[in-house]
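Let's take a walk through this structure together, with the model open beside the text. Keep your viewer handy and follow along.

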Amino acid sequence: MAAGPATPAPPATAPAPMPARRLPGRRLLAQIRQAEGTPKRLLYAGTAIVALFLVLAIFAPLIAPYGFDQIDANGMRFAKQASPSSAHLFGTTVQSTDVLSRVIWGSRTAVEVVVLSLVFSISIGVPLGLVSGYLGGKLDRALVLINDALFAFPYLLLAIVIAFLLSDKLGQGIVTAAVAITVVYVPQYFRVVRNHVISVREESYVEAARALGAPRRTIIRRYVLSNVIQNVPALATLNAADAILTLAALGFLGYGIQPTDAAEWGYDINRAIDDVGAGIWWTGVFPGVAIVLLVTGFTLVGEGLNDVLNPLIRKRRIRRPEIPEAEG
């Protein structure tokens with residue numbers, strides 16, 4: 001008996017695609033776009049101020065009319081403590097340097113120190129907070145004790161001590177200032193991340209990953225980190241504002257960057273103290289205004305990000321539903 005025609009096998013169904021994971025950067029931009037009201041305006045205003053100083057820092061050689069320590073041009077030495085004029089828009093200092101050029105070059109110094117200090121602080125504080133909060137035990141108690149001891153010191157005194165200890169080995173340069181500021185802010189990232197990890201590690205999705213046998217490193221990197229990292233951007237911008245003040249204080253007290261290595265606003269204000277009594281205001285006012293503007297910019301960005309990212313206080317754009325009119 002001849003066999004009938006073979007029935008075709010049912011087509012294999014393709015597995016459903018996994019939902020695309022939204023990157024933290026895209027999630028942040030989406031939350032900013034959805035924000036409304038004053039927090040969004042503060043964030044945009046602060047971003048504009050910070051962007052201005054970033055442009056000055058990046059293009060300082062092209063924007064600054066002179067070098068940060070240049071005292072002459074075309075064979076002619078600049079006048080000492082000359083008032084603002086067309087030749088020197090912000091005047092000159094007692095060393096015959098151009099104040100405008102030093103303000104512009106000082107923005108590069110400030111941005112470099114802030115970026116390095118934030119990178120060092122986040123690279124150390126966030127991993128320590130993740131490991132300490134997730135593992136707990138003796139390691140957690142030891143790390144908490146060390147970071148609380150560092151946090152108990154006045155931040156400026158701690159930065160001065162670190163800068164003094166490193167000045168013999170690294171010199172008084174940008175790296176030394178960045179490391180001194182890093183030690184101040186590592187405990188802040190550690191405490192914020194650790195406290196959040198302690199609550200996240202008990203969530204059901206973390207328990208499910210543990211029950212499925214996921215490695216500890218994978219759980220921390222994929223499930224815990226993505227849920228605690230959202231607190232870091234707002235804290236980083238607020239720390240950046242504080243780092244500007246700490247750098248200026250170190251330079252004012254003589255523990256900052258060497259004046260022969262780079263321009264620094266705190267050092268300029270220190271040198272301008274003697275000028276105030278003689279009515280020479282421009283040597284100290286313009287560096288001070290630069291510090292105030294950059295600190296204000298970072299503070300506005302930090303406050304705006306905090307209001308935008310905090311689900312308890314943020315305001316989102318709400319579309320009113322369109323109700324069709326009833327037919328007569």
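What follows goes from aromatic pairs to one helix and its surroundings, and ends at a single alanine.

Before you start clicking, keep in mind that this is a predicted model.

Start with the aromatic rings. There are six aromatic pairs in the structure. One of them joins Phe53 and Trp265, which meet edge-to-face, with 6.1 Å from centre to centre and 70 degrees between the planes. Where do these two sit in the chain? Phe53 belongs to helix 2 (residues 38-58) and Trp265 to helix 11 (residues 265-271), so this pair ties together parts that lie 212 residues apart in sequence. Both Phe53 and Trp265 are buried.

Now go to Trp281 and Trp282, which form another edge-to-face aromatic pair, at 5.7 Å centre to centre and 85 degrees between the planes. Is each of them buried or partly exposed? Trp281 has 45% relative accessibility, so it counts as partly exposed. Trp282 has a relative accessible area of 8%, and because buried means under 20%, Trp282 is buried. These two tryptophans also belong to a cluster, in which ring pairs link Phe90, Trp281, Trp282 and Phe286.

A ring can also have a charged side chain over it. Look at Phe151: Arg191 lies over its face, 4.5 Å from the ring centre.

Next up is helix 5, which covers residues 137-152. Its 16 residues reach 23 Å from first C-alpha to last, close to the 22 Å expected at 1.5 Å a residue. Which residues of helix 5 are buried? They are Asp140, Leu143 and Asn147. Look down the axis of helix 5 and its buried residues fall within an arc of 75 degrees, so they line one face of the helix. On the other side of helix 5 you'll find Lys138, Arg141, Leu145, Ile146 and Ala152, which are exposed. And what covers the buried residues of helix 5? The cover includes helix 4 (99-135) and helix 7 (174-200).

Let's finish in helix 7, where you'll find Ala178. With 0% relative accessibility, Ala178 counts as buried. Which residues does Ala178 touch, not counting those up to four places away in sequence? Its contacts are Val113, Leu116, Ser117 and Phe120. For one more landmark, find Ala159: it is 19 residues from Ala178 along the chain, and their C-alpha atoms are separated by 9.6 Å.

Methods
Residues numbered from 1 in each chain as written. Predicted model: local features only at pLDDT ≥ 70, side-chain atom pairs only at ≥ 80, totals over all residues. Heavy atoms only, no water. Phe/Tyr/Trp six-rings, centres within 6.5 Å; stacked < 30°, edge-to-face > 60°. Helix = DSSP H or I, 4+ residues; strand = E, 2+ residues; numbered from the N terminus. Buried < 20%, exposed > 50% of the residue type's maximum accessible area, 1.4 Å probe, protein only. Lys NZ or Arg CZ within 6 Å of the ring centre and 35° of its normal. Expected span 1.5 Å × (residues − 1). Arc of directions from axis to C-beta. Contact = heavy atoms within 4.5 Å.
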